Amino acid sequence: MCVYERELLVLIHNINFLFLSVPPTPHHDCEDEEESEKEKKVTAKTRRGNARGRARKDSEEEEETRTAGQRRQRNRRAQRKQAGNEDSDSDEESCKNKKNRANQISKQQEPNEDGEDDNKGGRKGRGKNETKQEKKPDEKGKKEKDNKKKKDKKKKGSSSSDSDSEEEPITEEELAKLKEEVEEKKKLIATLRNKPWQMKKKLDVLKEAQLFVEKFEGALGKGKGKKFYAYKVMMTKKWMKFQRDFENFKTACIPWEMKIKEIESHFGSSVASYFIFLRWMYGINMILFGLTFGLVMVPEVLMGKPYGTLPRKTVPRAEERTAMNFATLWDFSGLAQYSVLFYGYYNNQRTIGWLKFRMPLSYFLVGVGTIAYSYMVVIRTMARNANEEGGGDDTSFNFSWKMFTSWDYLIGNPETADNKFASITTSFKEAIVEEQENRKEENIHLTRFLRVLANFLALCTLAGSGYLIYFVVRRSQKFALEGLDNYGWWERNEVNMVMSLLGMFCPTLFDVISSLENYHPRIALRWQLGRIFALFLGNLYTFIIALMDEINLKLEEEKIVKYNMTIWEASLYNGTIPENATAPPIQVDPADVPRGPCWETMVGQEFVRLTISDTMTTYITIIIGDFLRAVFVRFFNYCWCWDLEYGFPSYSEFDISGNVLGLIFNQGMIWMGSFYAPGLPAINVFRLHTSMYLQCWAVMCCNVPHERVFKASRSNNFYMAMLLFILFLSTLPAVYTIVSIPPSFDCGPFSGKTRMFEVISETLENDFPSWFGKVFSYASNPGLILPFILLMVLSIYYLNATSKTYKEANLDLKKKLQSVRMP
Amino acid sequence: MGNKQTIFTDEQLDAYQDCTFFTRKEILRLHGRYQEMAPNIVPMDYTKDPDVKLPIQLIINMPELKENPFKERIVEAFSEDGDGNLSFNDFVDMFSVLSEMAPRELKAIYAFKIYDFNTDNFICKSDLEKTLNKLTREELTAEEITLVCEKVIEEADMDGDGKLAFADFENMISKAPDFLRYKNCLKNYQMFFFYMFCCSWKDDGLAKC
């Protein structure tokens, strides 16, 4: 092939070039031996020539290589003379060169085949060689010492790989070069997949490089350390293999990949981004679940006191009758309330079991750790996404980008493709119209008016729903004061139901409103998300405020119960004490002991109930809104007076914004509630798992692709930002309750303490040496903490400022680059 | 075991893994997919590296490529002979380049090839027109097309020769906010491919390896 020949020429040039700069080796004189050694060297040459031959063309036979090698050598000599190089002692170098050749080739190949034309590559390569030559003497000096030592061994090593034992003396430079060469080849192997070559060529190059490495790697040990070197090489290989297997394993472990790809191909990346988000969420929840399950629930079940031994672990007498009814369990009271699922079940014993497991401490740390972990993950993901997005702020390529990047390569469904084609055409037309800068003027007032109107309507809806919730919450408080037993199901569940209904219908309303605005769907999605976010936020905070009221009520109730309790105890003792002062305490069945209202469990229950009802609403919406509608449209279309499929009801589209926000708010609920209901992450994992399957099924079977298919570009970080915000909002109440409300006196792991976090100082006192506690108390002194916070704020400010300057510098450089390229 | 042995040797699989961004399973799936397209031409046994090529018609009729406006160009850009006939090596190569892990630079090279319809190493006006027609299914008028093409060249052509060289193209596309995503899509697309259509077919074989 002519390309190869040209390459060869370039190569020969390079070798010529090389001659000038390589210093002659002192103790290796080739001049006389050259002819006699030729025959012997042939084998060595073949070895390398072979390796090289494979890079060129697989079909080259061994014999051919041999002769070709000789021919080339002759060629080279002739050329050298032609070029008029002043080297008279050329033979010596040529001798060396034979060994260098493979090295050169491997170096040569890279620049040559990087997609540029050969000449240029050659020049570049030559330049590289020059610099290399300059570097070489340093390396040589370094390696000289050990090279001398290992020379013999090396010979043995290399000759043993060949059948005929040839007497090839190997010099230091050669070794160094060989080593370099092997490294080079290894690098080549590692980066081979990045080369824009035909697969065949890649395979050939790979094979050649692997052979080369295999052959010469063994020869590269360091004197006595050869065995070690071989061992190291082997271990590296093993390690690589392990890594590869692990990688294979990891990809096999990613769940639902196929489902998501399928959806992606049908609905484009925007719908798929929801499912990917859902999967990510599932992963996070798995870890949260693992934490609470492994460190809180399981130890309590295995090592804590069993059910029925303590009042807090027993269903009270009054409830015993209904404790196992389904309705009660569904409401998460009765038996479920007095189980590991909720805060109240845990005992305040400092250590449990033979492991001396610090239960309260573990409970507290898991609660804090859950939140800390969530923060870490969300922020890390955001940072990574932000990195990936880097620098796309240049809008000067509007048309080019539209032209080259607008196709969503995920689409594999004809209908979606049709929509995509239509949307691309529209976007081009829009751009053209914008370019011509006409016609836009007449519409702009109308559009503006409509947008203002839409925002006004959306605000009205938000205000209305806010008032509705406020009203309902007040009403329910009234009901609660009067006692719930007098009221039916609706009154009891009014708040939840109203919230769910609002969550169901308001997004649809917003959707209708946003159709007034006539935004690009990507921007429309943002608006939609923002509005629903406000709605949900209102709902959530009303809920929390109602909950706080309830907590205060319970706290007051607790005081009364505490007082009654002392009376009750006194009465108990009064009956029996006269007999014997040292008599064992009276045995009372734990179910009969009066107990406080345990507000923590109540909070946990509320969150669990909310999660469940939320899940139920989502599922019912899917079944009615998507499935039944699709069935109706599909089958009544045969006997209807207008076209149902394209007319009024039609099939539903997948509601991305609503679903994403539902997911985010659900997660917020989990973060808030999981401290008081350790079982909540488990329930959530179950919910996410089922909803993955249900929604995948629903979207594939009853939804149609969006009319304007758009790419979900970068909205992922938008989701993340919302998630972070919600995380922050949901940690606020949780932290507030932990820090400033006293725990119940007779339930939960912190009972008997004035504040929950006292468990930390207790542990410090009892489990650590006294100096540690002292250090800690000094460290937690406000005098130290305040400056520390100040320092942190300052450092954040500093980093922020530097990053800003970097950004500016970056922009500046970009501009410079642009201006350099322009002429 | 038997299944694994008969398709590729371990060395072949390792070599493919070195040359592509795929895992072993994916390569086997790709082979399954390739074989499935023409079961009577493509042998199951690839240990001896048979010289088999599938014509472009078969490849572009794969359900996933079918909707792609540039399907012919994609296939042609990766075929060894330039006519769109893909050997298995080319086939693997194609999806490797399109994969998520492939670096931007590599993707830009091939994207350029795809958009370079007349293979003259420049994206000239006629290429742009073809691209545009394919993207919009020829729904734009002639003036509109000319306008858009002119705008594109005006935006992206740095050296002012009226056509886009690779450097221009790379410069332009590397700044696109959606470029990464767009390339990701390619990957997902191809992943989808294995999973959708190869799973049932190959799973018992794959389970063993």
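What does the accessible surface of chain A come to, and what percentage of that surface belongs to carbon and sulfur atoms? In this predicted model, the accessible surface of chain A comes to about 42,900 Å², and carbon and sulfur atoms hold 62% of that area.

**View 1. Chain A and its secondary structure.** Chain A has 823 residues, of which 46% are buried, and its secondary structure consists of 26 helices and four strands. Among the contacts in chain A with a separation of 6 or more, 77% join residues that are 24 or more positions apart.

**View 2. Helix α14 of chain A crossing helix α8 of chain B.** Helix α14, formed by residues 398-405 of chain A, and helix α8, formed by residues 125-136 of chain B, have axes that come within 9 Å of one another and cross at roughly 65 degrees. The crossing of α14(A) and α8(B) is left-handed.

**View 3. Residues in the contact of α14(A) with α8(B).** From α14(A), the residues A:K402, A:M403 and A:F404 meet B:L128, B:T131, B:L132 and B:L135 of α8(B). Sorted by character, the residues of this contact comprise five that are nonpolar, one that is polar and one that is charged.

**View 4. The annotated EF-hand spans of chain B.** An unreviewed UniProt entry places the feature "domain: EF-hand" at residues 66-101, 103-138 and 144-179 of chain B. In one of these spans, residues 103-138 of chain B, the end C-alpha atoms lie 33 Å apart, and the span is 67% helix and 0% strand.

Conventions. Residues numbered from 1 in each chain as written. Chains lettered and ligands numbered in written order. Predicted model: local features only at pLDDT ≥ 70, side-chain atom pairs only at ≥ 80, totals over all residues. Heavy atoms only, no water. Axes fitted to C-alpha atoms, helices over the stretch in contact; angles between N-to-C directions. Helix = DSSP H or I, 4+ residues; strand = E, 2+ residues; numbered from the N terminus. Left-handed = near helix turned anticlockwise from the far one by under 90°. Contact = heavy atoms within 4.5 Å. Nonpolar A, V, L, I, M, F, W, Y, C, P; charged D, E, K, R; others polar. Buried < 20%, exposed > 50% of the residue type's maximum accessible area, 1.4 Å probe, protein only. Areas by Shrake-Rupley, 256 points an atom, 1.4 Å probe, with all protein chains shown as cover. UniProt positions renumbered as here; feature names shortened; annotations may be inferred.
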